[in-house]
Amino acid sequence: MFKSAAVAVLFCALMACSVPHPRPSAPQIPTPSGAALQSLPAPGSYRIDSSASELRILVFRAGSLAGLGHNHVMINRSVSGIVQIGDSISTSSFSLEVPADAFEIDDADARREEGGDFPGDIPDDAKAGTRHNMLSGAVLNAAQFPVITVKSAALRGTPGELTADLTLTVAGHESGVSVPLTLQGDSRRLTAIGSFELRQTAIGIAPYSLLHGALQVQDAILLKFKIAVPLSL
């Protein structure tokens, strides 16, 4: 009986969406080759290039049985939206849409890019279990709320050191968060890059937990983003 119970626990651990135990110190994101932006492009409305944009979420295991699980890298390359550039930073704005079901779970190359906290390839059945948990009614509730929205409420600072006050709507829950970002680019393309820590409870999500908390997802996650905007009206 004990052996059967142990196997069951291990199976659940592999299927669970688990999270930071050890946390990477300074999250890095692949940066575009363009120079730091010195001034805003011409005012106008610009559409985001989804093929060159990415939202990356790092999720870490926790709990007394955390060693049975693994950390996760979740990537969404289907970010869409509009950037409205005004005469100044404060008169500019943007809005994004992120399809909840477009996240790719634990891509092998992405895990290698994130370093030692994300070792090895993850079996397909474990990826499927993580995806199921993430899209379930207990987390993103993708069936009822298929799109995550991000809208800027205010922008301040300079292109090289910008802060965006955002309104996030996740699983029907609206919340505010301030995010640091940097604008890079040239005459043809504008790219916003940044990374920040976010607590799931702050945006209305209860971190995934199993076996009375013995295996769970840590509340704090790391988000990295790269949003590319071609500068042609």
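Helices (H or I, at least four residues) and strands (E, at least two) are DSSP runs, numbered from the N terminus. The model is predicted: local features need pLDDT of at least 70, side-chain atom pairs count only at pLDDT 80 or more, and totals for chains, interfaces and linings use all residues. Residues are numbered from 1 along each chain as its sequence is written, and side-chain values use heavy atoms, with hydrogens and water left out.

**Exercise 1. Place Asn71 and state its burial and its polar contact with Asp117.**

Step 1. Asn71 sits in the loop between strand 3 and strand 4 (72–76).

Step 2. Buried means under 20% relative accessible area, exposed over 50%, and partly exposed in between (1.4 Å probe, protein chains only). Asn71 has 1% relative accessibility and is therefore buried.

Step 3. A polar contact is a pair of N or O atoms within 3.5 Å; within protein, one must be able to donate a hydrogen and the other to accept it, and residues adjacent in sequence count only if both atoms are side-chain atoms. A polar atom of the Asn71 side chain lies 2.9 Å from the backbone oxygen of Asp117.

**Exercise 2. Classify the aromatic pair of Phe60 and Phe118 and locate both rings.**

Step 1. Rings of Phe, Tyr and Trp (its six-membered ring) pair if their centres lie within 6.5 Å; planes under 30 degrees apart count as stacked, over 60 as edge-to-face and the rest as tilted. The structure holds two such pairs.

Step 2. For Phe60 and Phe118 the centres are 5.5 Å apart and the planes make 55 degrees, which is tilted.

Step 3. Phe60 is in the loop between strand 2 (54–59) and strand 3 (61–62), and Phe118 in the loop between helix 2 (108–114) and helix 3 (124–135), so the pair ties together parts that are 58 residues apart in sequence.

Step 4. Phe60 is buried at 0% relative accessibility, and Phe118 is buried at 2%.

**Exercise 3. Describe the salt bridges of Glu113, Glu104 and Asp121.**

Step 1. A salt bridge is a side-chain nitrogen of Lys or Arg within 4 Å of a carboxyl oxygen of Asp or Glu. The count by this rule is 13.

Step 2. Glu113 pairs with Arg56, with the closest N and O atoms 2.9 Å apart. Because Glu113 lies in helix 2 and Arg56 in strand 2, the pair ties together parts that are 57 residues apart in sequence. Arg56 is buried, at 3% relative accessibility.

Step 3. Glu104 and Arg77 meet at 3.0 Å, N to O. Glu104 is in strand 7 (residues 103–105) and Arg77 in the loop between strand 4 and strand 5 (80–85), so this pair ties together parts that are 27 residues apart in sequence. Glu104 is partly exposed at 35%, as is Arg77 at 40%.

Step 4. Asp121 and Arg112 form a salt bridge with their closest N and O atoms 3.7 Å apart. Asp121 is exposed at 56% relative accessibility, and Arg112 is exposed at 56%.

Step 5. Shared partners join Glu54, Arg56, Arg77, Glu104, Glu113, Glu114 and Lys224 into one salt-bridge network.

**Exercise 4. Compare the span of helix 3 with the expected span, and list its buried residues.**

Step 1. The expected span is 1.5 Å times one less than the number of residues. Helix 3 has 12 residues and reaches 16 Å from its first C-alpha to its last, close to the 16 Å expected.

Step 2. Its buried residues include Ala126, Gly129, Thr130, Asn133, Met134 and Leu135.
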